There are 2 protein chains.
Amino acid sequence: MSPALAIRPAVSADDDAIWRILEPTFRAGETYPIPRDVSRADALAYWRSSGHAVYVAEDAGAIVGTYYLRANTKGGGAHVANCGYMVASEAQGRGMARAMCAHSLDQARERGFAAMQFNFVIASNKRAVRLWQACGFAIVGRLPRAFRHPRLGAVDAYVMYRTL
Amino acid sequence: MSPALAIRPAVSADDDAIWRILEPTFRAGETYPIPRDVSRADALAYWRSSGHAVYVAEDAGAIVGTYYLRANTKGGGAHVANCGYMVASEAQGRGMARAMCAHSLDQARERGFAAMQFNFVIASNKRAVRLWQACGFAIVGRLPRAFRHPRLGAVDAYVMYRTL
């Protein structure tokens, strides 16, 4: 992780930078169950949904990553958090996702969550699966052929979970 | 299943009947991860969310059950359906949930879905777990202590899945 990395809450002036990170990932359609032709407005409305706390990661002043934190369900399930993370393609491999995950685990604990769940980690996204395992998440569910990958066809998705 | 049972799309005039079914279940807080003090407006907004197809089950003209059908995710995951079912307390044990599930599986097939997933079946709701297994669903994931049951404390929730 870069010593110049800072993670802070997103403000509306960050929308352009967030969209620059989201767009190529959603267009590729390989890692998130989001329509590949999603509009800027719909993508930002999803990422910044009501109930999402959104953060950005700045490396030497440039926004290179973003994540959201929310309660995965309500009522009797509201003690389990959920996050989505995304790193700019030019910043891959520099520990940004790991740094954002660590930050999100701290934020979730501060907010009183007792666990965190990822609902849909696509099995072919092996780098992500390994990273979440290194961050303490276990595969607790396997959704058979639940994702249609644009290059690989039907692949499994994992449910991953850890206590906080 | 009663020979007088008919399942049809819900119309807005059914809102009162749907709320009469939802309210006691949400207030009990034992089977859905929804706030126990949810308002009528929020409960109906949830049940009838954009993208939900909502049905009601009428037995001899009285609405005794309701369910929704939706895509569980979008994009590469949009071929997997999700449903929520609820039966009026006075109509429990008469096969209504099973009839609605069978109806929903047909509806999902007609709409081109390839699988159906239940995201959060609370393990203490043993009647539901057994019924979904009888309807062809397998437990594909276990979320440890993901639900705080008002009487039983922390209990697991299951992810259940079947192909169509």
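A salt bridge is a side-chain nitrogen of Lys or Arg within 4 Å of a carboxyl oxygen of Asp or Glu, and helices and strands are DSSP runs, numbered from the N terminus. In this predicted model, D106(B) and R109(B) both lie in helix α3 of chain B, which spans residues 96-110, and they stand 3 residues apart, about one turn of the helix. The two form a salt bridge in which the closest N and O atoms are 3.0 Å apart. Neither partner is buried: D106(B) counts as partly exposed at 43% relative accessibility, and R109(B) is likewise partly exposed, with a relative accessible area of 37%.

A second charged pair in chain B joins two strands, for the side chains of D156(B) and R142(B) meet in a salt bridge with an N to O distance of 2.6 Å. Because D156(B) lies in strand β7 of chain B and R142(B) in strand β6 of chain B, the pair ties together parts that are 14 residues apart in sequence. R142(B) is partly exposed, with a relative accessible area of 42%. In chain A, salt bridges that share partners join R8(A), D14(A) and E58(A) into one network. Within this network, D14(A) forms a salt bridge with R8(A), and the closest N and O atoms are 2.8 Å apart. D14(A) is buried, with a relative accessible area of 6%, whereas R8(A) is partly exposed, at 24%. Over all chains, the count by this rule comes to 18 salt bridges.

R162(B), which is placed in strand β7 (residues 153-163) of chain B, presents another arrangement. This arginine is buried yet has no salt bridge, and the nearest side chain of opposite charge, that of D106(B), is 8.6 Å away. A polar atom of the side chain of R162(B) does, however, lie 2.9 Å from the backbone oxygen of C135(B). When neighbours within four places in sequence are left aside, the residues in contact with R162(B) include L105(B), R109(B), M116(B) and F137(B).

L69(B), in strand β3 (residues 62-71) of chain B, is also buried, with a relative accessible area of 2%. Its C-alpha atom is separated by 5.5 Å from that of H52(B), although the two residues are 17 residues apart along the chain. Beyond its neighbours within four places in sequence, L69(B) is in contact with a set of residues that includes G51(B), H52(B), C83(B), Q107(B) and M116(B).

Two helices of chain A show how buried and exposed residues can be divided between faces. In helix α2 (residues 40-47), A43(A), L44(A) and W47(A) are buried. Seen down the axis of α2(A), these buried residues fall within an arc of 95 degrees, so they line one face of the helix. On the other side of α2(A), A41(A) and D42(A) are exposed. The buried residues of α2(A) pack against α1 (15-28), β2 (53-59), β3 (62-71) and β4 of chain A.

In helix α4 (residues 126-134) of chain A, the buried residues are A128(A), V129(A), L131(A) and W132(A). They cover an arc of only 165 degrees around the axis, which puts them on the same side of α4(A). The face turned away from this buried side carries the exposed residues K126(A), R127(A) and R130(A). The elements that cover the buried residues of α4(A) include α3 (96-110), β5 (115-122) and β7 (153-163) of chain A. After α4(A) comes G136(A), whose phi is positive, near 100 degrees.

Positive phi values also occur in residues other than glycine. Phi of A60(B) is near 50 degrees, and this residue lies in the loop between β2 (53-59) and β3 of chain B, where A60(B) is exposed with a relative accessible area of 68%. Phi of R145(B) is near 55 degrees; R145(B) lies in strand β6 (residues 138-149) of chain B and counts as exposed at 55% relative accessibility.

Between the two chains, 24 residues of chain A are in contact with 24 residues of chain B. The area buried between chain A and chain B is about 1800 Å², of which carbon and sulfur atoms give 63%. The rule finds 0 salt bridges across this interface, but 10 residue pairs are counted in polar contact between the chains. On the side of chain A that touches chain B, the elements that give two or more residues are β5, β6 and β7 of chain A, and the largest share, 9 residues, comes from β6(A).

Conventions. Residues numbered from 1 in each chain as written. Chains lettered and ligands numbered in written order. Predicted model: local features only at pLDDT ≥ 70, side-chain atom pairs only at ≥ 80, totals over all residues. Heavy atoms only, no water. Helix = DSSP H or I, 4+ residues; strand = E, 2+ residues; numbered from the N terminus. Buried < 20%, exposed > 50% of the residue type's maximum accessible area, 1.4 Å probe, protein only. Lys, Arg positive; Asp, Glu negative; His and termini not counted. Polar contact = N/O pair within 3.5 Å; in protein donor to acceptor, adjacent residues only side chain to side chain. Contact = heavy atoms within 4.5 Å. Arc of directions from axis to C-beta. Buried area = accessible area lost by both parts, 1.4 Å probe.
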